[in-house]
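User: I'd like a close look at the empty spaces in this protein. Please start with the runner-up among the pockets, and then work through the others.

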Amino acid sequence: MHIVSLAGGIGGARFLRGLRATEPDSTITVIGNTGDDITLFGLRVCPDLDTVMYTLGNGIDEEQGWGRAKESHVVKEELAAYRMEPQWFGLGDRDFATHIVRSQMLAAGYPLSQITKALCTRWQPGVRLLPMSDDRCETHVVIEDEHGKRAVHFQEWWVRLRASVPAQSFALVGADTAKPAPGVLEAVEDADVVILPPSNPVVSIGTILQVPGIRDALTAKTVVGVSPIIGGAPVRGMADACLTAIGVETSAQAVLELYGSDLIDGWLVAEEDEGVALDGVRVVARPILMHDAEAAAGIARTALDLALELAR
């Protein structure tokens with residue numbers, strides 16, 4: 001079986017670990033969000049791709065869900081001593097190596113998809129990890145603060161400001177001219193089913209869907225999504241701040257409507273959201289909190305079984 005999954009960061013990576021555990025003999029292609037990518041200290045950082053790679057490659061810091069395990073921060077401290085900015089985005093010493101390799105390969109002319117494949121040769125994540133695009137796309141956020149109305153990189157809004165300044169809008173810079181990375185559309189076309197993990201529907205899954213051609217390709221497939229909202233609150237992170245910025249309620253119902261019945265065939269929600277409904281979509285209520293690896297595998301199994309049933 002060939003399964004395609006779209007993924008953002010921590011929630012997506014943990015779900016994928018469960019999916020891989022419950023379906024070890026299947027081919028899993030992961031299309032990763034690159035809208036969060038940023039250049040820091042001359043190095044290209046791809047947070048979501050790296051979180052998936054480290055998590056599935058057993059190198060992640062399990063407690064925080066991102067970055068490397070057994071990390072140190074000597075380089076960060078030295079950069080701070082030189083008063084180098086930004087100091088609000090901390091990179092660990094082990095993590096720096098990944099960004100150095102990526103940046104050197106980019107400078108040599110390799111596309112991000114080939115670089116990601118090369119990095120995965122070390123980590124052996126057990127899935128095929130593809131960036132949504134080789135083209136540079138970055139999510140920027142329009143805010144208004146003491147400096148006036150301005151656009152900042154998503155990472156500054158998310159990490160430095162902790163989404164405390166309300167977002168007025170989001171813009172995926174470069175999306176109009178971007179193309180899906182090589183293999184993305186082919187993977188979707190060959191997929192038996194597509195699974196959307198409980199990643200941020202605005203700046204993770206929603207960003208991937210903005211790359212021209214990807215959403216259209218997905219509408220031809222059986223797609224099952226797992227709600228990132230339980231009982232009116234995000235499972236993790238600040239998805240509520242993102243949803244508010246685009247005028248969408250923080251609920252499993254509203255996220256389903258945001259995706260739309262043209263895209264979603266099945267929707268897995270928490271038991272407290274059992275009343276969610278949308279014409280043309282099969283809604284199933286089950287426990288969906290990924291409190292450990294076993295729970296993640298169970299949720300992934302339920303989502304996959306629903307997709308296979310709908311695909312018949």
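**Pockets and cavities**

Analyst: Pro201, Val202, Gly206, Thr207 and Gln210 lie nearest the centre of the second largest pocket, which has 15 lining residues in total. This is a predicted model, where local features need pLDDT of at least 70 and side-chain atom pairs count only at pLDDT 80 or more, while totals for chains, interfaces and linings use all residues. Numbering runs from 1 along each chain as its sequence is written, and side-chain values use heavy atoms, with hydrogens and water left out.

A pocket here is an open set of points on a 1 Å grid over the protein atoms alone, with protein on both sides within 12 Å along at least five of seven lines; a cavity is a set where a 1.4 Å probe fits but cannot get out, and lining residues have an atom within 4 Å of a point.

Back to that pocket: about 220 Å³ of space lies in it (grid points are joined across faces, edges and corners, and the volume is what probe spheres set on them fill). Which pieces of the chain build its wall? S8, helix H8 (205-210) and helix H11 (252-259) each bring at least two lining residues (helices are DSSP H or I runs of at least four residues, strands E runs of at least two, numbered from the N terminus). H8 is the biggest giver, with four residues. Look again at the names by the centre: Gly206, Thr207 and Gln210 fall inside the stretch of H8. By class, this wall has 10 nonpolar residues, four polar ones and just one charged one (Ala, Val, Leu, Ile, Met, Phe, Trp, Tyr, Cys and Pro count as nonpolar, Asp, Glu, Lys and Arg as charged, and the others, Gly among them, as polar).

Now for the largest pocket. Its volume is about 1,200 Å³, and 48 residues line it. Ile10, Gln64, Trp66, Trp158 and Arg236 sit nearest its centre. H1, helix H2 (47-56), helix H4 (93-107) and H6 each supply at least two lining residues, and H2 gives the most, with five. The class count for this wall is 20 nonpolar, 17 polar and 11 charged.

What about the closed spaces? There are two cavities of 30 Å³ or more. The largest cavity holds about 70 Å³. Its lining is made up of Phe41, Lys76, Leu79, Ala80, Met84, Pro86, Gln87, Phe89, Gly90, Leu91 and Phe96. Helix H3 (residues 74-81) has the largest share, three residues; you can pick them out as Lys76, Leu79 and Ala80. Eight of the lining residues are nonpolar, two are polar and one is charged. The charged one is Lys76, and the polar two are Gln87 and Gly90.

The second largest cavity comes to about 30 Å³. Around it you'll find Ile10, Arg14, Arg17, Thr55, Ile60, Glu62 and Gly65. Its top contributor is helix H1 (residues 10-22), with three residues, namely Ile10, Arg14 and Arg17. Here the classes split into two nonpolar, two polar and three charged; the charged ones are Arg14, Arg17 and Glu62.

One last thing to spot in the viewer: Ile10 turns up twice. Ile10 lines the second largest cavity, and Ile10 is also among the residues nearest the centre of the largest pocket.
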